[in-house]
Every structure is written in structure tokens, then in C-alpha cells.
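Hi everyone, thanks for making time for this. I'd like to walk you through a model, starting with a loose end after one helix and working outwards from there.

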Amino acid sequence: MIIDLRSDTITQPTPAMREAMFTAQLGDDVLGDDPTVNALEAKAAALFGMEAALFCASGTMTNQLAIRTHTRPGDDVICDYLSHVYQYEGGGISVNALASASLPQGERGKLTPDLIREYIYNPADSHKPLSRLVVLENTVNKGGGCYYTVPEIAAIRQVCDEHGLILHLDGARLFNALVETGDPTEAYGQLFDSISICLSKGLGCPVGSLLIGKADMIRQARRYRKLMGGGWRQAGFLAAAGIYALDHHIDRLKIDHARARKIGIMLEQAPEVESILPIDTNIVIFKLSANLLATDYVAQLETKGIRSVAFGKHLVRFVTHLDLTDEMMTNLEVRLR
């Protein structure tokens with residue numbers, strides 16, 4: 001039995017999700033007539049109380065489309081140094097948007113109003129780029145799945161309003177945060193100019209993310225999606241999985257979180273583990289003793305049938321997901337001893 005904790009992206013569609021996919025009505029999304037894609041986009045927009053949505057292949061694409069749409073060449077994007085848009089999207093801020101990035105370093109990847117203020121350039125200073133966009137990540141992947149609350153975001157929104165800045169959310173694991181905080185999705189629609197949500201992580205879809213925002217912004221993003229080669233044809237198969245996930249897979253994220261915390265308790269007993277980041281959602285990041293490299297430890301775990309990811313020189317990441325079973329959890333405890 002392989003226990004795969006590399007990511008929540010490795011899940012397989014459930015039988016019920018497969019049935020929804022196989023029975024989906026199809027059209028040509030580039031021509032705008034795939035009814036299932038249209039239904040998914042309308043459902044996502046309504047969920048957040050926003051005007052429109054755009055179905056895309058990945059969260060990287062939705063984030064990069066947002067940045068490209070909100071900025072002009074030479075603008076500056078403020079995001080935490082640990083943020084996915086900076087660390088894991090291939091330099092897309094500079095390649096796709098021709099923008100620069102200012103990189104505050106918040107606690108566990110979370111920005112604060114004061115941090116953002118420090119990185120806003122004076123628009124009258126011609127030596128500097130124009131600060132245009134702030135990007136938050138919720139939950140923060142490299143921060144161990146920590147999350148923002150609505151009051152924290154509202155304080156950041158106020159700073160953005162004071163300085164004429166646009167606010168985008170990389171919400172790849174947003175629903176993991178929402179099941180912990182109980183915050184309404186509509187509150188996010190009121191606070192952000194655009195939101196990216198991923199369907200292929202905790203929600204268990206095989207492919208897909210959504211960019212949500214105002215109709216004019218989404219219309220422009222659709223044009224850029226085509227430019228990037230991201231136009232779908234009969235994408236209703238994948239959209240049906242997204243509809244099913246939004247209807248059935250959000251509340252169950254609490255199971256993933258409980259299992260992550262149980263894994264944390266297991267790791268506390270391991271002598272090679274020096275420390276563990278607080279476990280807020282479904283991500284477990286732990287630090288090994290100084291004489292043990294993460295790459296070596298990950299290789300050791302592989303021989304025990306446990307798959308994981310080296311997340312730094314001495315850091316390892318586990319991620320729980322819907323394909324992790326109670327039997328696997330029992331086996332994991334034995335194998336980690």
C-alpha cells in the first residue's frame with residue numbers, strides 16, 4: 001500500500017464524480033456554447049457574489065491571467081516572498097505581465113497592512129515602478145496551510161483603497177480556510193477585485209481552476225487566456241467534475257484537517273523531527289534535525305511506501321486529501337516509528 005502525501009493534487013475522481021463527468025452535456029467553450037462550462041462559471045460567480053468567472057486549466061493560469069489583466073507593463077505587484085505567484089509560477093509576473101514584484105516577508109507568508117504600506121512606492125517618484133496590485137494567498141502553501149480571516153483581509157482592503165491598489169486572491173486552497181473560519185464566500189467577493197480558486201486540490205477534481213471577478217475584467221482575461229493557448233473545446237467533462245466538487249466536497253475538507261493534525265501527533269514522537277509548523281488545515285510541514293537532509297529523509301520514506309516532498313534543506317511537507325483512508329492512516333503511524 002502506497003501512502004501518497006506529496007500533494008492534494010494527486011487525487012483521483014470519485015465514482016460519483018466520474019458519473020457526473022461522463023453524463024455532462026458538451027459544447028465548444030471557445031465558441032461560448034459548452035453548457036456545463038457555462039454552468040460552472042455561473043455557479044462559481046454566484047457563490048462569491050461576483051459578476052463572472054472563467055474556467056481555466058490551472059491555478060497558475062488563473063493567477064497569471066489576473067496579474068496580466070490588472071497590471072500594465074512596468075507596474076509593481078506586492079506579494080509575500082513565500083507566495084505561490086512568486087515561488088512556483090515560473091517567473092510569470094515578469095514574463096506574462098512585464099511587471100516587477102515587491103516581496104515583503106510576513107509571518108508564515110501572511111501580509112499585514114503595515115507590511116504592505118512599507119512596500120508601496122511613491123507614485124510621484126519616477127525612479128520607481130507604480131504599485132498596482134496586492135496578491136494574497138489563502139491558505140499559504142509554504143506557510144503550512146495557515147490562513148487569513150475576513151477581518152484581517154478587510155484591514156488590507158482598506159490599505160488598498162487608500163492607495164488605489166487592486167487586491168487579488170490566490171485562493172488555491174480557499175475552501176480549506178473557509179471550513180475552519182466559517183466565513184461566508186460572499187464576504188470574499190466583497191473584499192477582493194478577483195479571486196482564483198482551484199478545483200484540483202482539496203476538492204478532488206482531475207483538472208481546473210476558476211478566475212472570478214467583474215464582468216469586464218473576466219472578458220479581458222478570457223482574451224488573454226486565448227492568447228496563452230488556454231482556450232477549451234469540449235471542456236464540459238472537466239467542468240462537470242467542478243460542479244460536483246463544489247456541491248459535495250467542501251464540507252469533507254474538515255476530515256483532511258483532522259487527519260493532518262493526527263499526523264502531527266505521530267511526528268512529535270519521531271526523534272528525527274526537530275519541530276512542526278502549526279497545523280491549521282491540511283498541510284504538515286516539519287523540520288528535521290540538522291544532520292538529516294530532507295532529500296535523504298524523503299528517500300527513506302519512499303522505501304517505506306510513504307511519498308512526500310522535500311520543502312527545503314531540512315523541511316518536509318505532507319498534504320492530506322480525500323484519497324487518504326483510515327487504513328492508510330493506521331499504516332502510516334506504524335511506518336513512521
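Let's begin just after H7, where glycine 164 has a positive phi of about 65 degrees. Please keep in mind that this is a predicted model, so treat all of what follows in that light.

Now step back into the helix itself. H7 covers residues 150–163, which makes 14 residues. From its first C-alpha to its last it reaches 20 Å, close to the 20 Å expected at 1.5 Å a residue. Which residues of H7 are buried? They are Val150, Ile153, Ile156, Arg157, Val159 and Cys160. I'd point out that an arginine, Arg157, is in that list. And what do these buried residues pack against? Their partners are two helices, H6 (113–118) and H9 (185–191), and two strands, E5 (130–137) and E6 (166–171).

Staying in this neighbourhood of the sequence, have a look at the loop between E5 and H7, where threonine 139 sits. The peptide bond that joins asparagine 138 to threonine 139 is cis, with omega at about 0 degrees. As a reminder, most peptide bonds are trans, and most residues other than glycine have a negative phi.

That second half of the reminder brings me to two more backbone spots. Leucine 98 has a phi near 55 degrees, positive although the residue is not glycine. You'll find leucine 98 in the loop that runs between helix H5 (92–96) and strand E4 (100–102). Is leucine 98 buried or exposed? Its relative accessible area is 52%, and the line for exposed is over 50%, so leucine 98 counts as exposed. The other spot is arginine 108, again with a positive phi near 55 degrees in a residue other than glycine. Arginine 108 belongs to the loop between E4 and H6, and H6 is one of the elements that the buried residues of H7 pack against.

Let's move along the chain to H12, residues 253–268. Its 16 residues should span 22 Å at 1.5 Å a residue, and the end C-alpha atoms are 23 Å apart, so the two agree. The buried set in H12 includes Leu253, Ile263, Met266 and Leu267, along with Asp256, His257 and Arg259. The buried residues of H12 pack against helices H8 (174–181) and H14 (326–335), and against strands E9, E10 (283–288) and E13 (315–319).

Between H12 and E9 (273–276) there is a loop, and alanine 270 lies in it. With a relative accessible area of 7%, alanine 270 is buried. To get a sense of distance, compare alanine 270 with serine 131: they are 139 residues apart in sequence, and their C-alpha atoms are 46 Å apart in space.

Finally, the whole protein. There are 14 helices and 13 strands. The C-alpha trace spans about 55 × 55 × 35 Å along its principal axes. For 337 residues, a compact globule would have a radius of gyration near 20 Å, and the protein has 20 Å, so that agrees. Of those residues, 56% count as buried. Among contacts with a separation of 6 or more, 74% are between residues 24 or more positions apart. The accessible surface is about 14300 Å², with 52% of it on carbon and sulfur atoms. As for charge, 33 side chains are positive and 40 negative, and the centres of the two sets lie 3 Å apart.

That's my tour, so over to you for questions.

Note on methods:
Residues are numbered from 1 along each chain as its sequence is written. This is a predicted model: local features need pLDDT of at least 70, side-chain atom pairs count only at pLDDT 80 or more; totals for chains, interfaces and linings use all residues. Side-chain values use heavy atoms; hydrogens and water are left out. Helices (H or I, at least four residues) and strands (E, at least two) are DSSP runs, numbered from the N terminus. The radius of gyration is taken over C-alpha atoms; the globule rule is 2.2 Å times the number of residues to the power 0.38. Buried means under 20% relative accessible area, exposed over 50%, partly exposed in between (1.4 Å probe, protein chains only). Contact means heavy atoms within 4.5 Å. Accessible areas come from the Shrake-Rupley method with a 1.4 Å probe; for residues, only the protein chains shown count as cover. Lys and Arg count as positive and Asp and Glu as negative; His and the chain ends are not counted. The place of a charge is taken as NZ of Lys, CZ of Arg, CG of Asp or CD of Glu. The expected span of a helix is 1.5 Å times one less than its number of residues.
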